[in-house]
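The exercises below ask the reader to work from the model to a statement about its architecture. Each task is followed by a solution that goes step by step.

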Amino acid sequence: MASQAHSLSYSGCNFLRQRLVLSTLSGRPVKIRKIRARDDNPGLRDFEASFIRLLDKVTNGSRIEINQTGTTLYYQPGLLYGGSMEHDCSVLRGIGYYLESLLCLAPFMKHPLRIVLRGVTNDQVDPSVDVLKATALPLLKQFGIDGESFELKVVRRGMPPGGGGEVFFSCPVRKVLKPIQLIDPGKIKRIRGMAYSVRVSPQMANRIVDSARSILNKFIPDIYIYTDHMKGINSGKSPGFGLSLVAETTNGTFLSAELASNPQGQGAAMLPEDLGRNCARLLLEEIYRGGCVDSTNQSLALLLMTLGQQDVSKVLLGPLSPYTSPRPAKVNCAACVLKIPLATQGINAFFSCWITKQKRPSQTTHVRCWMSGLEGNLEHHHPMLNSVITQLIS
């Protein structure tokens, strides 16, 4: 391999996607060793290799080096370029696995991103396209990322293991993000949902709706769950069904929950009535957790707050998910503070993050982040945030 003296070095496959995304935003190369080195099947998986190819498509000038066994990866990011493109995602993970990262990168590209993703639209592991459309897009609009070209559309549905789904995503470019003040989630005013079924009887979706409403109608009357039954080529290659629910509050907060049926040939058969009731209970649990951002989008909100201007941004979160807080020991105390000095370009500044737990039944976590001492607009690669990025990916 070429000289990699200035790259950040990490070990293991954990947080691979986060490290590559933050490396791309900061312009810092990374080298990751011992990727599943002790497994019977060592090295990168197919879905991780597909994600690396996607990063190569949306950037210009990236350098990627992988050893023969796939256990060592060197990634030197190029310029976030954008433009129109297509990508075939691995069917081992859902399209949401790739979309979550694109939502972090798309606003900072040189040209507006227009991309078609093909693969699995709904599974049991990654956030579905329906949930990201209903929760992540309104969150991005809070940061000023909006416009006619801001769109996420399901063209075809695809269930595991065959996939066959297709999604279109477009996002405008924003050099400056607005600070947010999300500290009052408000009260739940309505619940919306999407019950989908592909290559099974259309009655499956109706049975899901009836079972979910049997629980949710006890709490609120304004409930509407759409049914989506795609046929033919739009139904993908495998049968399945599922439900995604979103609760909207009076202050514009969106809290989500979802469930999908077991893939064909894997696990026991699932009744649509059980799936509907279980998904409704998951939504009630998400509401109980509280906060102005649901568990799926906690990390997205915190990253965009970090990349925003020096103005104070505040957000009220429920208990941090494992994806958001890989080191939960840092937030076990009553009040924790993380201060990371920025010494790039002769500027002395701090990224500060105070995390406190309020005395509420849901153990709501209050996170307050801001930049101090930074002047001017952030460029596409945010060179002044290298120290922050280094801390976040370590």
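Helices and strands are here DSSP runs, with at least four residues for a helix (H or I) and at least two for a strand (E), and they are numbered from the N terminus. The model is a predicted one.

**Exercise 1. Unusual backbone geometry**

Task: Determine where Pro 161 lies, and where Phe 15 lies.

Solution: Begin with the peptide bond that joins Pro 160 and Pro 161, which is cis, with an omega of about 5°. Placing Pro 161 among the elements then puts this residue in the loop between β9 and β10. For the other residue, note that Phe 15, although not a glycine, has a positive phi of about 60°, and that Phe 15 belongs to the loop between β1 and α1.

**Exercise 2. The sheet that contains β1**

Task: Work out which strands stand at the edges of the open sheet that contains β1, and which helix packs on that sheet.

Solution: The first step is the strand order, which for this open sheet of four strands is β1-β2-β5-β4, with mixed pairing. The edges are β1 (8-11) and β4 (63-66), and because each has a single partner strand, one side of each is left without a neighbour in the sheet. The average turn of neighbouring strands against each other is 10°, with direction ignored. Next, consider the pairing of β1 with β2 (residues 30-33), where the two strands run parallel and are joined by four bridges; within this pairing, Ser 11 has Arg 33 of β2 as its bridge partner. Finally, helix α1 (residues 16-26) packs on the sheet by touching β1, β2 and β5 (73-76), and the direction of α1 makes about 25° with that of β5.

**Exercise 3. The sheet that contains β7**

Task: Establish the strand order of the open sheet that contains β7, and find how the helices α2 and α4 are placed on its strands.

Solution: The order of the four strands in this open sheet is β7-β8-β10-β9, and the pairing is again mixed. Since β7 (83-88) and β9 (151-156) stand at the edges with a single partner strand each, one side of each lacks a neighbour in the sheet. Neighbouring strands here are turned by 15° against each other on average, when direction is ignored. Moving to the individual pairing, β7 and β8 (residues 113-119) run parallel and are joined by six bridges, with His 87 standing opposite Leu 117 in β8. Helix α2 (residues 46-58) lies across β7 and β8 and runs at about 165° to β7, whereas helix α4 (residues 129-142) touches β9 and β10 (165-171), its direction making about 170° with that of β9.

**Exercise 4. An aromatic pair**

Task: Classify the pair formed by the rings of Phe 47 and Tyr 97, and state which helices hold the two residues.

Solution: A pair of aromatic rings is described by the distance of the centres and the angle of the planes. The structure holds five aromatic pairs. For Phe 47 and Tyr 97 the ring centres are 5.5 Å apart and the planes stand at 90°, so the pair is edge-to-face, the cut-off for that class being over 60 degrees. As Phe 47 lies in helix α2 and Tyr 97 in helix α3 (residues 95-105), the pair ties together parts that are 50 residues apart in sequence.

**Exercise 5. The partners of β12**

Task: Find how many bridges join β12 to β14 and how many join β12 to β13.

Solution: Strand β12 (residues 188-198) and strand β14 (residues 240-249) run antiparallel and are joined by 10 bridges, with Tyr 196 opposite Gly 242 in β14. Between β12 and strand β13 (residues 223-230), which run parallel, there are eight bridges, and Gly 193 has Ile 225 of β13 as its bridge partner.

**Exercise 6. The second largest pocket**

Task: Describe the second largest pocket by its volume and by the residues of its lining.

Solution: The volume of the second largest pocket is about 630 Å³. Of the 23 residues that line this pocket, the closest to its centre are Val 125, Pro 127, Glu 258, Ser 295 and Thr 296. The elements that give two or more residues to the lining are β15 (254-260) and α6 (272-289), and β15 gives the most, with five residues. By residue class, the lining divides into nine nonpolar, five polar and nine charged residues.

Notes. Residues numbered from 1 in each chain as written. Predicted model: local features only at pLDDT ≥ 70, side-chain atom pairs only at ≥ 80, totals over all residues. Heavy atoms only, no water. 1 Å grid on protein atoms, 1.4 Å probe; cavity = no way out; pocket = protein on both sides within 12 Å on 5 of 7 lines; lining within 4 Å. Points joined across faces, edges and corners; volume = space filled by probe spheres on them. Nonpolar A, V, L, I, M, F, W, Y, C, P; charged D, E, K, R; others polar. Pairing = 2+ DSSP bridges. Axes fitted to C-alpha atoms, helices over the stretch in contact; angles between N-to-C directions. Contact = heavy atoms within 4.5 Å. Phe/Tyr/Trp six-rings, centres within 6.5 Å; stacked < 30°, edge-to-face > 60°.
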